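Trainee: I'd like to slow down and look closely at just one part of this structure. Please pick a spot and talk me through it, step by step.

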Amino acid sequence: MPKNAAPLTKDQISAISRWIAEGGKDDTPEEVQDTISPENPPVYHSAPVISALAYSPDGQLIAVSGFREILLQKADGTGLVGRFVGRSQNITSLSFSPDGKVLAATGGNPALFGEVQFWNVAEKKLERSVTTTTDTLFGGRFSDDGALFAFGGADNSARILRVSDGEQVLKFDAHADWVMASTFSLDKKHMITISRDRSMKLSIVETGQFVDNITSITPGALKGGLMALRRHPKKDELLIGGSDGEPKLYKMIRTQVRVIGDDFNKLKGYQPMAGRIFALDFNADGSKFVAGASTGGTGTARIYSTEDAKLLHELPGHARGVFAVSFAPDGKHVVTGGFEGKIRIFDADTGTLVKEIIPVTITPTVAAN
């Protein structure tokens, strides 16, 4: 006490103890008191917007963002197996550790705090909470060995935590706008970050040194900020998406001198989607990826072939924005979620809808007399 800060001094503890002993009471107004807890989870009067999804490595679970909680859903859509209730109102990203033992979430409360949560999946308990910055955190990702966790924030910075104890090992400040997503190179020596400032940057994990803008710095080359990032599971190639609606694949390391006007690291672009891309995910071997987008009024989800850039499937049924997507570990299914508050499970080979569910119980609002 206080959390993530130096302990209170003896004089401060003594003053609080004296205040309690003399009859001090919590005078927080009843209408603004926090009544949500694991014993008293959120009650939903409408389906929550789904901003994050993740399959467990064994393919048995789907983690789904809710309000103040993470919903652990059976992968076949037949029901919940757990509700992980925490402090953050907004859950912006979900990621399982490579061994599936830890589920990490980024989020926070706007203009109040950002939080990383590390949950013990088997025991369904919060192992560690790390609060940092005064606003929401985004785009968390484990290193391939599960030892480090990277994420971005609304303070224009990216950070890396050591998973074992939650200690910060790196803070990266080279971006000029919110950092929306992060990932690691295969060898864990580099961190890659994307931002609303229209750039994808490469840095060295050990020192925090900025290495390169992977994307072009030419004005107009990227038409708007970047929102989604995934590293190819087998190679140091990076898939990005954002405001221009076009998924793009880049190699990580520049092998020739930068020339103003070039976009040398770009390997290929894919058929653009309507609106802004919010979510991307590869299948296990990187041969396919799924993308989700929103125009504000409509939503789209697609599966592409990575190497030949073919559009394989337009996934049906999305009336509003798609903000979260995930590929099953066995490659047989993809799941999508977004503004409608529904998760939709699709056959990845045919693009057909397998199941559509609302992952929470809706309690109708009773009008007052």
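**A loop and the sheet beside it**

Mentor: Let's start at A309, which sits in the loop between β23 (299-305) and β24. Keep in mind that this is a predicted model. The backbone is what makes A309 worth a look: its phi is positive, about 60°, even though A309 is not a glycine. For background, most residues other than glycine have a negative phi. Is A309 buried, partly exposed or exposed? It counts as partly exposed, because its relative accessibility is 25%, and that class runs from 20% to 50%.

Now follow the chain into the strands. β23 and β24 belong to an open sheet of four strands, in the order β21-β22-β23-β24, and the pairing is antiparallel. Which strands stand at the edges? They are β21 (276-282) and β24 (311-314); each has a single partner strand, so one side of each is left with no neighbour in the sheet. Going from one strand to the next, the twist averages 25°.

Let's hop over to the other edge. β21 is joined to β22 (residues 288-294) by six bridges, and these two strands run antiparallel. If you'd like one pair to find on screen, take A279, whose bridge partner in β22 is G292.

To set A309 in context, have a look at R68. R68 isn't a glycine, yet it has a positive phi of about 65°. You'll find R68 in a loop as well, the one between β2 (61-65) and β3 (69-74). Here the surroundings tell another story: R68 is buried, because its relative accessible area is 8%, and the cut-off for buried is under 20%.

One last stop, just past our sheet in the numbering. What lines the largest cavity? The lining includes H318, G321, V322, F339, K342 and R344. Strand β26 (residues 333-338) gives the most to this lining, with three residues. Sorted by class, the lining has two nonpolar, six polar and three charged residues. The volume of this cavity is about 40 Å³, and a search of the whole structure finds two cavities of 30 Å³ or more.

So, back to where we came in: A309 is a partly exposed residue with a positive phi, in the loop that leads from β23 to β24, and β24 is an edge strand of the sheet.

Key
Residues are numbered from 1 along each chain as its sequence is written. This is a predicted model: local features need pLDDT of at least 70, side-chain atom pairs count only at pLDDT 80 or more; totals for chains, interfaces and linings use all residues. Side-chain values use heavy atoms; hydrogens and water are left out. On a 1 Å grid over the protein atoms alone, a cavity is a set of points where a 1.4 Å probe fits but cannot get out, and a pocket is an open set with protein on both sides within 12 Å along at least five of seven lines; lining residues have an atom within 4 Å of a point. Grid points are joined across faces, edges and corners, and a volume is the space filled by probe spheres set on the points. Ala, Val, Leu, Ile, Met, Phe, Trp, Tyr, Cys and Pro count as nonpolar, Asp, Glu, Lys and Arg as charged, and the others, Gly among them, as polar. Two strands pair if DSSP finds at least two bridges between them. Axes are lines fitted to C-alpha atoms, for helices over the stretch in contact, and angles run from 0 to 180 degrees between N-to-C directions. Buried means under 20% relative accessible area, exposed over 50%, partly exposed in between (1.4 Å probe, protein chains only).
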